[in-house]
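Trainee: Could you take me through one helix of this model in close detail, and then place that helix in its surroundings?

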Amino acid sequence: MITIAALIVLLPFLGAAGGLLLSRVGGGPISARAGVPTRAIWFAILPTAGSALLTVWLAVQAAKGDGTGAFWDSWFPAEASGQLTVVDTGAVPISVGLAVTGLSVLVGILVVVVALGVQVYSVGYLHGDSRYPSYSAFISLFTSAMLLVVYSGDLLVLYVGWEVMGLCSYLLIGHWWEEKANSRSAVKAFLVTRLGDVGFLFGIFTLGMAAKSFRISDILAAQLPTATVVTATLLLLAGVAGKSAQVPLHTWLPDAMAGPTPISALIHAATMVAAGIFIVARLYPLFLAAQPTRDVLAVSAALGMLGAALAALAQDDLKRVLAYSTISQLAYMAAALAAGSDEAAIFHLTTHGAFKALLFLCAGAVIHHVGSNLMSRMGGLRAAMPLTFVTMTIGFAALMGLPPASGFFSKDAVIAAVEHARLTDAAQLLLYASALVTVGVTGAYATRAWLRTFFGPTQVEALPEPEPGTAHVFDGREAPPSMLWPIGILAIPALALGWTSVVELDLGSAAIDLVIALLGAGVVYAFWRSAPTRDPARLLGPFYGPCARAFYLDTVYAMVFVRPVLWLAQGVVHTDATLVDGAVRGSGRATLGLSRFVRLAQNGNAQLYVTGLLAGVLLIAVGAVVLG
Amino acid sequence: MNWLLIALLAVPGLGTLALLAGRPSTQTPAPATAASQIEQPPSPALAEPPAPGTEPTPSPALAESPAPVTEPTPSPSLVAAPASGIEPTPSSARASDRSRAATRIGLVTSGLTLVLSIVLAAVFDYGSAGRMQLETNLAWIPGLDLRFHLGVDGISLPLVVLTALLTFLCFGYLAGQTTPRPRALAFALLVLEIGMIGTFLALDLLLFFVFFEVVLIPMYFVIAIWGGHDRRAAAIKFILYTLLGSAVLLLGLLVIYAQTGTLDMVQLAARHGAGIARTPQILAFLAIGLGLAVKTPMWPLHTWLPDAHTEAPTVGSVLLAGVLLKMGTYGFARIAIPVLPEGAAALAPWLGAFAVIGIIYGSLACLAQRDLKRMIAYSSVGHMGFVLLGFATLTPVGINAALFANIAHGLITGLLFFLAGAIKERYGTADMTALGGGMLARLPHLGSLLTFACIASLGLPGLAGFWGEMLALLGAYQPGAGQSRPLFLVFMVCGGIGTVLTAAYFLVMLSRVTHGRPDETLAVGVDVRPFELAAWVPLVALTLVFGLWPKGLLSLTAPAVHLILGVGP
């Protein structure tokens with residue numbers, strides 16, 4: 001079993017290496033339909049498909065036997081672990097090894113399914129892109145890194161995958177690097193997450209040094225003092241907030257929309273953002289034991305879910321709407337974790353992974369069709385793109401939490417968990433209120449996006465030239481099959497995943513959620529109905545500005561962090577040139593000055609020399625007499 | 001005695017003799033005049049007399065930047081004269097012949113040395129990597145009790161191989177180019193190699209010092225003759241700075257000798273400071289530490305480094321960053337810490353403090369740099385800060401980290417300087433504003449390699465740069481006995497912030513240089529040439545190997561580290 005897990009992780013890595021190094025060697029054929037090197041397509045799809053097949057086999061193997069506990073443990077009770085080697089560091093050793101648990105099998109399935117879908121979809125989306133080989137290789141590397149996070153048995157090995165994901169997101173967000181804005185977004189994504197990761201690494205140190213092992217199983221088994229656990233989990237939370245885009249480290253995610261749409265689907269649905277939630281669930285006994293950490297998480301989640309939902313309501317860029325909705329939905333998962341229900345969190349993670357990937361891929365098809373990200377350029381697309389319309393409707397229904405779509409069940413599970421949360425009263429109250437209000441706002445922004453994209457008068461104009469970075473020429477047709485197939489397949493779990501009913505449905509709270517969501521949707525519908533060409537977000541009134549700018553957080557960060565650092569950098573250069581090096585040059589000058597003074601004695605006057613000699617002899621004689 | 005270690009020193013020595021003997025008497029009837037004619041510099045920059053009052057300009061990056069834009073002639077950088085640019089006149093044809101002959105001697109010699117170092121790595125007994133192996137102990141100056149004592153253990157072996165590799169790659173790089181005075185350059189590099197390898201093999205304090213000093217002279221000439229615009233000022237600064245450091249170092253070594261009566265490093269290390277009182281230990285550690293810190297360099301003794309790196313030719317920068325800086329840190333691991341444990345314990349907080357200041361300071365300085373080579377030079381200050389932090393923790397993990405980061409920095413920064421040199425040669429400038437951006441579009445392979453090297457240097461896990469930094473921070477989390485834990489926790493947090501700043505300046509640089517739309521009016525020449533690729537691929541490969549398999553290095557250094565700290569594994 002552990003060999004299979006190792007192969008699952010390694011195959012995409014080898015695919016990435018092959019794709020990067022061998023795609024163009026010796027020419028090779030160019031695929032006529034996709035306009036990219038055929039070999040690159042094979043390197044992209046085959047390893048991921050292999051991983052997917054092996055994952056199925058692993059799931060079948062893991063499903064044997066009986067287990068109790070969380071639903072993933074009863075689905076996949078068989079566990080395994082193995083290690084390749086132990087690296088002696090001089091302190092606590094690193095064990096290079098993997099561990100297969102129920103949770104990792106579950107999340108592993110999600111990862112490979114979405115990754116495979118994205119690889120297939122990208123072949124169509126990046127039609128004729130000369131950088132397709134490196135692009136697909138980075139996706140493979142990304143997949144491999146995420147799978148390493150999922151299956152790793154050691155926290156430091158996990159950290160390797162964790163950081164490599166950050167790198168891949170940097171490379172992929174910056175795929176269209178001709179635009180400096182995209183490049184800046186990529187840098188921002190890497191730096192913000194890396195800031196969180198420093199905390200994460202220190203959290204790993206705290207746990208590892210306290211438990212005398214970096215192995216996850218050893219750490220979970222160790223009896224750690226509460227203070228250590230609280231410190232460590234709070235530090236880990238920094239990394240979780242960075243990767244899972246939680247307040248206050250969420251600002252990179254909306255900007256990350258600069259990348260190609262399939263990347264948005266991959267990063268913002270299934271993999272990188274899921275990693276933060278996954279690691280909390282993986283180490284959940286520690287978080288359960290650390291109530292202060294969960295209080296902090298609850299407050300962060302409460303702020304994040306409502307703030308991001310409001311921001312989503314005011315965006316004009318369809319992908320940014322989805323990005324803010326991702327922050328909001330991830331905050332739901334964080335809320336469930338804070339409330340003490342890892343099951344609800346992972347359930348929502350799974351359904352969200354399916355429906356958000358679906359939404360992004362649909363949005364990609366729409367953008368591909370329209371040639372713009374902006375909803376003000378869309379409208380009336382339901383006739384031109386029937387399949388995309390149907391599938392995206394399913395996605396939005398799931399996002400709003402309408403039955404029978406999957407989101408209805410998982411969101412209900414989260415809210416039920418929050419209602420009965422074991423937290424500090426204030427935090428619990430804040431979280432619950434925020435969760436309910438957010439349900440309404442979610443209904444509102446999802447309805448707005450749906451209406452402005454598919455209904456109303458057609459706004460689409462044919463663009464003369466495709467703008468690099470976003471656009472393709474409007475051709476008035478539905479997307480190519482390589483893009484439609486993944487959409488169609490992802491629609492199934494987005495619709496049906498809820499029926500697994502892994503968590504009991506709480507009918508009372510479900511009814512309340514549904515009413516609130518419909519209320520939000522109804523208000524937007526009423527505003528839209530009154531003037532279909534105008535943006536229903538005008539209902540926000542004076543709050544529209546702050547919401548559209550996400551409450552000016554980027555500006556604040558730029559003022560508080562970025563500018564002082566740059567200012568300090570200038571200061572350092574100045575100090576280096578004047579003070580530190582000035583001292584060096586000053587000592588050089590002082591030496592020269594001194595030598596000029598000493599040179600006065602060397603004036604070539606023999607009388608002076610003889611006088612000096614005599615004076616010296618005299619001094620020595622006197623000295624000998626006095627001291628002797 | 002063992003012939004292998006002697007051979008490692010003798011082969012480059014024979015190479016220098018071959019270069020001396022290979023004066024062109026067989027090629028031209030009048031060697032002296034012909035040589036002097038041929039060795040006339042092709043660029044006016046060489047003939048130019050040293051600027052009066054060789055004060056370094058306050059900001060060489062600023063002073064230099066307009067030059068390539070306004071001057072129609074190619075950059076005065078002498079390595080910036082690729083083979084294609086040479087006119088086929090008889091004298092230059094002969095010059096390129098001679099260039100090839102000299103470089104070939106260098107290539108063969110350094111190749112042989114590399115083979116010997118690989119043989120050394122092969123016969124090395126990995127089961128007892130902590131023990132000194134293949135020792136050679138000959139009387140040298142019996143009157144002074146000086147011995148020609150060489151040996152290799154898990155700490156020095158990787159450094160010896162790294163030195164041989166980098167020197168060989170430098171010759172490989174030179175083989176594809178035409179440089180002025182090729183024979184002299186080859187001679188200087190081979191002498192440099194003797195000094196560097198000797199430093200890592202020496203087991204006698206004074207022998208160590210001698211090799212340590214041997215390195216300075218050829219490096220001075222490499223900078224002063226083949227350097228860029230302000231090379232003289234930079235070279236003088238380099239030599240004065242390091243000579244001053246060496247003087248202090250010698251004082252410290254003599255204190256040890258005066259206290260113990262022996263210069264044998266193995267014996268001294270085995271005593272763990274027994275026989276030296278606390279105060280002399282502190283004094284000796286201070287003196288030796290200062291001397292080594294100049295070389296490392298440690299903040300605030302670093303200002304020679306940016307100037308030297310900016311002005312040095314590519315191969316000079318590579319060896320300077322790749323090996324010379326390591327001689328300073330190697331001294332900490334080999335002499336200062338094992339021989340003077342009490343001195344180390346007393347001064348470790350200061351060492352740690354200067355190290356983290358260097359990390360933050362170096363990173364901030366990088367953020368504001370405009371010159372690519374200068375930025376990489378400052379990044380060395382930051383990276384060596386991690387190495388020093390590792391030493392300052394006085395824990396096995398910290399010292400392992402320092403030794404790992406040493407090697408990783410040599411590989412990665414060596415690669416970075418190769419790439420920066422290639423960029424400067426193609427664009428005629430290393431000023432980031434003048435470079436313009438869009439390198440990934442104009443020179444995709446060079447741009448990709450630069451991206452790789454930067455990512456490796458910012459410490460991405462899975463590449464060699466990560467493990468050293470991470471373990472240094474881990475060491476600071478739980479410092480050695482007797483050290484203040486809160487203080488080191490502060491150091492750890494500062495180091496963590498330093499890693500973010502490191503990522504920031506590298507990514508901002510990549511964004512400025514490799515991303516964006518290229519300026520189509522700039523002529524940039526060809527993408528990576530085969531000989532360049534041959535010189536760089538080994539570095540890329542080793543960066544990956546040690547990143548993915550850190551055990552390869554850690555299993556070598558760990559036993560030795562346990563031994564020098566006197567603690568059981």
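Helix H17 of chain A and its setting

Mentor: Helix H17 of chain A covers residues 386-400, which makes 15 residues, and the distance from its first C-alpha to its last is 21 Å, close to the 21 Å expected at 1.5 Å a residue; the expected span is 1.5 Å times one less than the number of residues, and helices (H or I, at least four residues) and strands (E, at least two) are DSSP runs numbered from the N terminus. This is a predicted model, in which local features need pLDDT of at least 70 and side-chain atom pairs count only at pLDDT 80 or more, while totals for chains, interfaces and linings use all residues. Residues are numbered from 1 along each chain as its sequence is written, and chains are lettered from A and ligands numbered from 1 in the order in which they are written.

H17(A) is largely enclosed by the rest of the structure, because 11 of its 15 residues are buried, where buried means that 20 or more other C-beta atoms, placed from the backbone, lie within 10 Å of the residue's own (exposed is 12 or fewer, partly exposed in between). The buried residues include Thr388(A), Phe389(A), Thr391(A) and Met392(A), and also the run from Ile394(A) through Gly395(A), Phe396(A), Ala397(A), Ala398(A) and Leu399(A) to Met400(A). They pack against helices H15 (318-339), H16 (342-370), H18 (406-419), H19 (425-454), H20 (481-496) and H21 (507-530) of chain A, with contact taken as C-beta atoms, placed from the backbone, within 7 Å. Just after H17(A), Gly401(A) adopts a positive phi of about 85°.

One of those partners, H20(A), has 16 residues and reaches 23 Å between its first and last C-alpha, close to the 22 Å expected at 1.5 Å a residue. Its buried residues are Met483(A), Pro486(A), Ile487(A), Leu490(A), Ala491(A), Pro493(A), Ala494(A) and Leu495(A), and what covers them includes H17 itself, along with helix H4 (102-125), H16 and H18 of chain A.

Helix H24 of chain A (residues 606-627) offers another setting: its end C-alpha atoms are 31 Å apart, which agrees with the 32 Å that its 22 residues should span at 1.5 Å a residue, yet H24(A) is hardly covered, since the count of buried residues among its 22 residues is zero. The domain assignment, whose bounds come from an automatic or database source, gives chain A domain 1 (301-463 + 474-548) and domain 2 (559-627), and the centres of these two domains, taken over C-alpha atoms, are separated by 73 Å.

For chain A as a whole, the secondary structure comes to 24 helices and two strands, and the C-alpha atoms fill a box of roughly 115 × 65 × 60 Å along the principal axes. Of its 628 residues, 58% are buried, and among contacts between residues at least 6 apart in sequence, 79% join residues at least 24 apart.

Chain A also meets chain B, in a contact that takes 40 residues from chain A and 41 residues from chain B. On the chain B side, H16 (341-367), H18 (396-427), H22 (464-477), H23 (485-513) and H25 (551-565) each supply at least two residues, with the largest share, eight residues, coming from H23(B). The residues of that side divide into 26 nonpolar, 12 polar and three charged, counting Ala, Val, Leu, Ile, Met, Phe, Trp, Tyr, Cys and Pro as nonpolar, Asp, Glu, Lys and Arg as charged, and the others, Gly among them, as polar.

Technical notes. Two residues are in contact if their C-beta atoms, placed from the backbone, lie within 7 Å.
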